[in-house]
Amino acid sequence: MIASHLLAYFFTELNHDQAQKIDKYLYHMRLSEETLQEVSQRFRKEMEKGLGADTNPTASVKMLPTFVRSTPDGTEDGDFLALDLGGTNFRVLRVKVSDNGLQKVEMENQIYAIPEELMRGSGVQLFDHIAECLANFMEKLKIKDKKLPLGFTFSFPCHQTKLDESILVTWTKGFKCSSVEGKDVVSMLRKSIKKRGDFDIDIVAVVNDTVGTMMTCGYDDHNCEVGLIVGTGTNACYMEEMRHIDLVEGDEGRMCINMEWGAFGDDGVLNDIRTEFDQEIDMGSLNPGKQFFARRLHKTVRKLLPDCEIRFTRSEDGSGKGAAMVTAVAYRLAAQHKARQKILEALKLSHEQLLEVKQRMRIEMENGLGKETHAEATVKMLPTYVCSTPDGTEKGDFLALDLGGTNFRVLLVRVRNGMRRGVEMHNKIYSIPVEIMQGTGEELFDHIVHCISDFLEYMGMKGVSLPLGFTFSFPCQQTNLDEGILLKWTKGFKATGCEGEDVVNLLKEAIHRREEFDLDVVAVVNDTVGTMMTCGYEDPYCEVGLIVGTGSNACYMEEMRNVELVEGEEGRMCVNMEWGAFGDSGCLDDIRTEFDLAVDELSLNPGKQRFEKMISGMYLGEIVRNILMDFTKRGLLFRGRISERLKTRGIFETKFLSQIESDCLALLQVRSILQHLGLESTCDDSIIVKEVCAVVARRAAQLCGAGMAAVVDKIRENRGLDFLKVTVGVDGTLYKLHPHFSTIMHETVKQLSPKCEVTFLQSEDGSGKGAALITAVACRIREAGQR
């Protein structure tokens, strides 16, 4: 129309200098790249306004949520109906989508007219006519007895509140039906169908033609996330991140936004580039001042966005097929969600189940403490001979050795009392190569002593003999504070000639072999006891230690009268629970899943440390990987394609759980992590992986909380208290780094032990400092006894 106005004007001016006149008027129609960039920036601002809850009412680009949350992934399957209403004619379609390894779409359709009197009549008459045409179509195809899912393309301005609910804002395209504006068009269609009573359908989705176009092309090209209509009118839609859509609750995943971009410029932001011809066309239109927007396309877009590889795919089958695709995707998502939830249900523990875990832990604790039941007990409740926590009078210089994984630390700890009370530490970290971890005991302890020697030289203390505390984070049977018999290696250690031996002796023999220095090994403790002592120095209420990292364990101060393995009734002694083996008797079999069994079966110690394998960092990533494998095999994830990387044991490290569950992490970053793992994922895949991580980590935190509830309740009952105030000293990467683990664990303890006020104090300095403090306490007690 603009072109015809221009031609008419030029025709009247032909007797003048024609070239100059034409150039003069065409000049204003030419847009420079700078102008287009400016238009692009203005458009972006309008998009942001449309997405914001506060700014949406005044935005010219409305950015309407469509509740379409995913594009086709090629695995859609089924028989669907579609209704495509957007003008004087409308189409009814039957769309058969089949997967079977080959994407295939079969369509049958029929066009029906809408008489002009119906376009201007009542809404009831219009929808009764549509229902009648639908019945006619189904009768012809002999599918009237089937209740098929239907997608409804309704190409008029609507406000959607759900995928299957769309409120007509205003009629366009010559329609004037009464009593429809402000009403849900899906409800009106359902009423008309119900009134007939001769067939039934399941209306799953209502979309506009732009969304239908995107979904049609998205079936053939899985990168298609934008829809564009440029015809009688123009509009666009695209998949937006949920966290940017203020008009809809939730920030996970994406949703298709119907931009209604034709109104861009209605607020005057394009006045500087509108020509007199645009204004003339606008004033003569049916809606002056409304719906101005047009621009050149492919070349312009690529010029403005040189960093984006943009493909334009033409929709050959129209928006009716797209409505069926929206329905097919919705059906696929619902079916897949249901299947996934059924699988994940086994990992979701009820309050009653957690109470039962707490009670079973309590029974196992009693068995471990009892002289007659100890031998068969899985929770060993080992005496540590640590009979006192720090009282603040400790002082002196102490060495500490902290061995509990592939890295270990040597520390110098200076403890001061009085006015200058505090702890000063110097330390160095050393690694233990795998060949030494799995070589001979002699090689392992020689390596440790070599590192101590290096540290003493580093500190300039080679000739000094200091008391040493040895944090040894493996299951040990202690008969004294300075004697620890290794029961079994864990955490990947396999050094021969150590199990059944006193590790203090093994350390002393290695020191003597080196003949460079001598040390007074005062105490051997595990990391859990060290953590309790570190936090006990800061908080006198701290009588429990907990580690939740690569492995997991707990300790607490038990009444001597209950520790039947050690003589004496007076006072208290710290008991190293070794709770990782809880469940090895089969008492947790009812809550262990097929994924736990798979992880256990392929571990270094099948059938052992079952509780630890459900709650600690060494195993959670493997549980997640096994679930992802299962989902993928069932076609519920990664489009059913299992990559070689996903088959690799240990590929899904627990640190990825912490990163993926981080609240501030966008799904794009989750996809980046998965891509780093060699897993090509969609946005939907990322959401699913995040959910799996959340379920596995939540269960771990709850189980850990149930175990801790058993411990604090036992302390309370031991002391005959109605209410106990106690502090738990905690260490471990899972507890410290996972964004939700600690919160869920704390909540669980509170729910399961309401008569205990439990404070969790994070150990900042690790168990090495604790070993030094135990040594300091032992030296204090020893000196007091010698006086």
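Strands here are DSSP runs of E, at least two residues long, numbered from the N terminus. Keep that in mind for the labels. One caution as well: this is a predicted model.

Let's talk cavities. How many of 30 Å³ or more turn up in a search of the whole structure? The search finds 4.

Start with the largest cavity. It holds about 110 Å³ of space. Its lining counts 15 residues. Closest to the centre are Cys 158, Gln 160, Ser 166, Asn 208 and Asn 258. Which strands give at least two residues each to this lining? They are β1 at 64-65, β6 at 158-162 and β8 at 202-207. The largest share comes from β6, with 3 residues. As for chemistry, the lining of the largest cavity has 9 nonpolar residues and 6 polar ones. No charged residue is part of that lining.

Now the second largest cavity. Its volume is about 80 Å³. Here 13 residues form the lining. Nearest the centre of this second cavity lie Phe 472, Cys 476, Gln 478, Val 525 and Asn 526. Back to those strand labels. β17, residues 476-480, supplies at least two lining residues. So does β19, residues 520-525. The lining of the second largest cavity splits into 7 nonpolar, 5 polar and 1 charged.

To recap, strand by strand. For the largest cavity, look at β1, β6 and β8. For the second largest, look at β17 and β19. On charge, the largest cavity has no charged lining residue, while the second largest has 1.

Terms used: Residues are numbered from 1 along each chain as its sequence is written. This is a predicted model: local features need pLDDT of at least 70, side-chain atom pairs count only at pLDDT 80 or more; totals for chains, interfaces and linings use all residues. Side-chain values use heavy atoms; hydrogens and water are left out. On a 1 Å grid over the protein atoms alone, a cavity is a set of points where a 1.4 Å probe fits but cannot get out, and a pocket is an open set with protein on both sides within 12 Å along at least five of seven lines; lining residues have an atom within 4 Å of a point. Grid points are joined across faces, edges and corners, and a volume is the space filled by probe spheres set on the points. Helices (H or I, at least four residues) and strands (E, at least two) are DSSP runs, numbered from the N terminus. Ala, Val, Leu, Ile, Met, Phe, Trp, Tyr, Cys and Pro count as nonpolar, Asp, Glu, Lys and Arg as charged, and the others, Gly among them, as polar.
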